[in-house]
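Me: Please give me a close look at a single part of the structure shown here. I should also like to see how that part is set among the other parts, in one connected account.

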Amino acid sequence: MIFMNYEIIVVGGGHAGCEAALAAARKGHKTLLVTGNINNIADMPCNPSIGGSAKGIVVREIDALGGEMGRNADKSLLQIKMLNGSKGPAVRALRAQADKITYPKNMLKTLKDTDNLEIKEALVEDLLIENKKIKGVILENGTKITSNIVILTTGTYMKADILVGSTRRREGPHGERPSNYLSDNLAKNGFKLIRLKTGTPQRIARDSIDFTKAKLEPGDKEIHTFSYDNKVYYDVNKQVPCHLIYTNENTHQIILDNLNKSSMYGGLDDIKGVGPRYCPSIEDKVVRFRDKEKHQLFLEPESIYYDDIYLQGFSTSMPYDVQEQMVHSLPGLENAKILKYAYAIEYDAIYPTQLKASLETKVIENLFTAGQINGTSGYEEAAGQGLIAGINASLKLEGKEPLVLKRNEAYIGVLIDDLITKGIKDPYRLLTSRAEYRLLLRHDNADLRLSEYGHQVGLINNEKYQILLKKKDDIKTLLEELKQIKITAKENDYLITLNTTPLNNGITLYDLIKRPEIDINKITKYLSNNYNKEVLEQVDIMIKYKGYIDKAIKEAEKMENLEKKKIPDNIDYDKIHNLASEARQKLKEVRPTSLAQALRISGVNPADISILMVYLKKEYRHE
Amino acid sequence: MHDTIAAISTAQGVGAISIIRVSGPEAFNIVEKIFTNKNLKTAPTHTVHYGYIIDGKEKIDEVLVSKMCAPKTFTCEDIVEINAHGGIITTNKILELLLINGCRLAEPGEFTKRAFLNGRIDLTEAESIMDLIEAKTEDASKMALNGISGKVSNMIKDLREDLISIIANIEVNIDYPEYEDIEEMTIGKINDSLSKLKDKINKILKQSNTGELLKTGIKTVIVGRPNVGKSSILNCLVGEEKAIVTSVQGTTRDSVEASIVIDNIILNLIDTAGIRKTDDLVESIGVEKSLKLIDQADLILFVVNYNEKLTKEDRQIIEKLKNKNYITVINKTDLKKQIDDEKLQNKVYVSALKNENVENIGNEIKKLFNLEQIETSDLTYLTGARNKAILKQVLQGINDINEGIKNNIAIDMLEIDLRNIWNLLGQIIGEVYEEELLDELFSRFCVGK
């Protein structure tokens, strides 16, 4: 049976799938979202949290490009805070607790309200492929649905195994049915797969916890939003708090005594999945950091509509009885009722060097992948990729060049470039240290960096675009004004109240703001125009950190020059005899599109690049 | 090819003329920064210019600089060639200055590569150019292995180890701000670590200089008033058991003219033209000439007369010797003491006439250059302008951070510079491993949900 034809089919309704489907449909393409369970759309199977260091900036980027995550999170806040507020502007990021009921509900509503988008509940088990080109998908029951493009966003569902103690069962998160054959079929079509592992901690009944033994972790008193829409949906005075507790020697002793029962420490002998370094199980923490007397745990509310408290930091693959003992050893949790036990999950992913920067696979034309299937972890990483895959799938249909964000333009650019250039060993998480130009990739300037692109691809409407243009204009005007207006010693009385050195000679406001102790908001009385908060903040950062920002821009320009040196698709690395053998092998695997990307591959040295340059000149001189 | 590259393009040897070639869009700008002749940028193409290479105010070498504008050059880019005369140390110093001022050290075969990429060389030669790059890279890595001893390599590794622990700490503070049990990196700790780093790097640089001195010889000049016995001292030093090692024909200008060895230390004597023929020539070097020579030497043997009080000329020379490596050779101890020597420094009392105590000059030189404790064979030193330039960039980076600290710049911004330093040090030992930082972060700190 053949179903009707779609332009784009998105397989999977997680954070990647939602963004991909919305982007495609909003760009006017007839889109089908296929998901195993419509009620699990935009589900948060792990942390009830959106954002965090680096990730929070990704959410801003998604919003600036015209994606949904930021807005949807704003509608679902339990609490929100600005991380690293006391540090420099480059590392500030928002982190929110999002309601696990509201978030998916709002997202589902948005999906349903979107034109050109249909949702279908089904499992995809195979792909329709002709001559290495995608033609559609085949459902579990044999139904074929045709399309020009397929975007796979299957998360952890491919051959998912839930591991607890010495048991392994084929099951997705929440007891969902996994996809048993899709990854085999991908392998048959030439994809290299990798087995990965991650885990999630226990959920505890709220009223079984004695919160008096825990430290209160409230949200910020200042109002924040992820989205540049700046619409506030929450009551800043009624945020739901988290709580902080610590493990103790007793907890550690229970873990050490039962170590061999953990799936990862001998409970199961067939573990192939590689777990994330940044998300160690509590067993790992206790074993690897034996000297540490205690480990920090957070009690995070999952929703105001039900009772589960997420026990952050306590993920484990111990059997249930040991988990009981472990949880009850914690302060305030002596009588805790475990609603859901912790588990580890093993799943298939595709090795990401098989992707182009557009997130189209190199193996099958018109097949795109995004999210955990590409070896990443995290809702934000998934959503960012989903958005890019959705945009680029549409651009491909439209016969346009893909949107490829550079490393100096977006964390999303860093993420995708890392995946396709370096591959992965364990599930990939964004960290600020992965971004060499992080000073350029700030929370405050995501719109200035990306909304132009969002407008070009048609996801930022004219109204929003006008706001962006006005902001850019205001920034320019303000900078000029600050350079022109001079103040003199006459103002010293006021300056002293700002705790800054009095003036001897006249000074421009621009130079005054360079002083670290001067807050731009305190000198607006000297300005002739009014500017909004965002414009003032932007200019303050531009002036105060100019030296550092300029240095980063210079470094980025160097890279961009190499980025412009393209490597043709059809290059045959075996013909370049002088390449070192490791470099040749890596270049064949990654098939970089530019010399800059080639240089980022570990194992490719400057000398190899030199040889490559000479070869390109020789072979492609007429092109 | 948007950057400007530099390399020494002649085989290196003491006393020989060497050519340092600079190619790229910034060639004229960069060379002008270190050249006394400030008309280089505006000068016509294919012209030769006379002047000094300078490091700040210090004159490094008297040179001829050729300016060639693109595209009629070997690489089809702007090229400057610096003809220097000063032997390995000076040549390396010039290269180092170029690197500090914005050049990048040319990769093996890079001038030829650029010539090819810019269409200067026939396409049929492409294969041989790739062969050349491959071969030279092998040579270079062998040289790199030999050029840096295990000790230095370990020293650099230790420095990087210190840095990475600070960097990882700052990163973990950024990425996991909610962890209250992780220590917050403080300015105080960064300062401590930086000042230690600075000391160690200065020490390495000093040892590196010493190493080069031992390897290539110390540029030495003998100065003093007429008739204090300069030529007799020289004759003693060049005496029978202390053979002359080389005697290179002098170039048009003053250069190394003879090398002698004292206690395994090579002294390259400059401006001693004709010493073998006419003692008078050395002896007749006057005060005015002495003052000039002092600037060019790494070691000055300042000869005074034991039998006379210090004269106005002597004091003139002493004034000039401030901040220089010099030894005061007090000659004619066979005569009656007249000299007021209390304020003189690095004193050696000799009688050249009777050939008494002349060997003490060697001991004093060792003391002066801190060579006493160091066995020649045990010396740990860095070679090459590249590594020295990198270390100087590291020192510059440390200064930038100190400046940032003064201006209350946030720690995560300072960390960007710290990471630069860490990468620079990694370049010296050829170790820049992408995942190193993350590995360090997650092995050192227990974080994650």
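Reply: In this predicted model, the C-alpha centres of domain 1 of chain A and domain 3 of chain A lie 46 Å apart. The division of chain A places domain 1 at residues 203-346, domain 2 at 462-551 and domain 3 at 564-619. The close look concerns strand S16 of chain A, which comprises residues 296-301.

How many residues of strand S16 of chain A are buried? The count is six of six, so S16(A) is largely enclosed by the rest of the structure. A residue is called buried here if 20 or more other C-beta atoms lie within 10 Å of its own. The two faces of S16(A) may be examined in turn. Gln296(A), Phe298(A) and Glu300(A) lie on one side of the strand, while Leu297(A), Leu299(A) and Pro301(A) lie on the other, and both faces are covered.

The strands that pair with S16(A) come next. Strand S15 of chain A, residues 242-246, is joined to S16(A) by four bridges, and the two run antiparallel. Within this pairing, Leu297(A) of S16(A) has Ile245(A) standing opposite. Strand S17 of chain A, residues 308-312, is likewise joined to S16(A) by four bridges in an antiparallel arrangement. Here Pro301(A) stands opposite Ile309(A) of S17(A). S16(A) and S17(A) also form a hairpin, with six residues between them.

A helix of chain A offers a useful comparison. Helix H4 of chain A covers residues 102-113. At 1.5 Å a residue, its 12 residues should span 16 Å, and its end C-alpha atoms are indeed 16 Å apart, which agrees. Which residues of H4(A) are buried? They are Tyr103(A), Pro104(A), Asn106(A), Met107(A) and Leu111(A). These residues cover an arc of only 165 degrees around the axis, which puts them on the same side of H4(A). The spacing along a helix helps to explain such a pattern: an α-helix has 3.6 residues a turn, so residues three or four places apart point the same way. On the other side of H4(A), Lys109(A), Lys112(A) and Asp113(A) are exposed. The cover over the buried residues of H4(A) includes helix H1 (15-26), helix H3 (69-74), strand S2 (31-35), strand S5 (93-98) and strand S6 (117-121) of chain A.

Chain A also touches chain B. In this interface, 42 residues of chain A are in contact with 37 residues of chain B. On the side of chain A that touches chain B, the elements giving two or more residues are helix H16 (546-563) and helix H19 (606-619) of chain A. H19(A) gives the most, with nine residues. By class, that side of chain A has 19 nonpolar, 15 polar and eight charged residues.

Chain B itself has 14 helices and 12 strands. Of its 449 residues, 43% count as buried. Among contacts in chain B between residues at least 6 apart in sequence, 64% join residues at least 24 apart. Its domains are domain 1 (5-106), domain 2 (150-210 + 382-444) and domain 3 (216-364). Between domain 1 and domain 2 of chain B, six residues of the former are in contact with six of the latter. Helix H2 of chain B, residues 87-100, gives the most to the side of domain 1 that touches domain 2, with five residues. The residues on that side of domain 1 of chain B divide into four nonpolar, one polar and one charged.

Chain B also contains an open sheet of six strands, in the order S3-S4-S5-S2-S1-S6, with mixed pairing. Its edge strands are S3 (47-55) and S6 (104-105) of chain B, each of which pairs on one side only. S3(B) is joined by nine bridges to strand S4 of chain B, residues 58-68, and these two strands run antiparallel. Among the paired residues, His49(B) has Val65(B) in S4(B) as its bridge partner.

Finally, helix H3 of chain B, residues 110-117, is mostly covered, since seven of its eight residues are buried. The buried residues of H3(B) are Glu110(B), Phe111(B), Thr112(B), Lys113(B), Arg114(B), Phe116(B) and Leu117(B). H3(B) is followed by Gly119(B), whose phi is positive, near 80 degrees.

Conventions:
Residues are numbered from 1 along each chain as its sequence is written. Chains are lettered from A and ligands numbered from 1 in the order in which they are written. This is a predicted model: local features need pLDDT of at least 70, side-chain atom pairs count only at pLDDT 80 or more; totals for chains, interfaces and linings use all residues. A residue is buried if 20 or more other C-beta atoms lie within 10 Å of its own, exposed if 12 or fewer, and partly exposed in between; C-beta atoms are placed from the backbone. Two strands pair if DSSP finds at least two bridges between them. Domain bounds come from an automatic or database domain assignment. Two residues are in contact if their C-beta atoms, placed from the backbone, lie within 7 Å. Ala, Val, Leu, Ile, Met, Phe, Trp, Tyr, Cys and Pro count as nonpolar, Asp, Glu, Lys and Arg as charged, and the others, Gly among them, as polar. The expected span of a helix is 1.5 Å times one less than its number of residues. The arc is that of the directions from the helix axis to the C-beta atoms.
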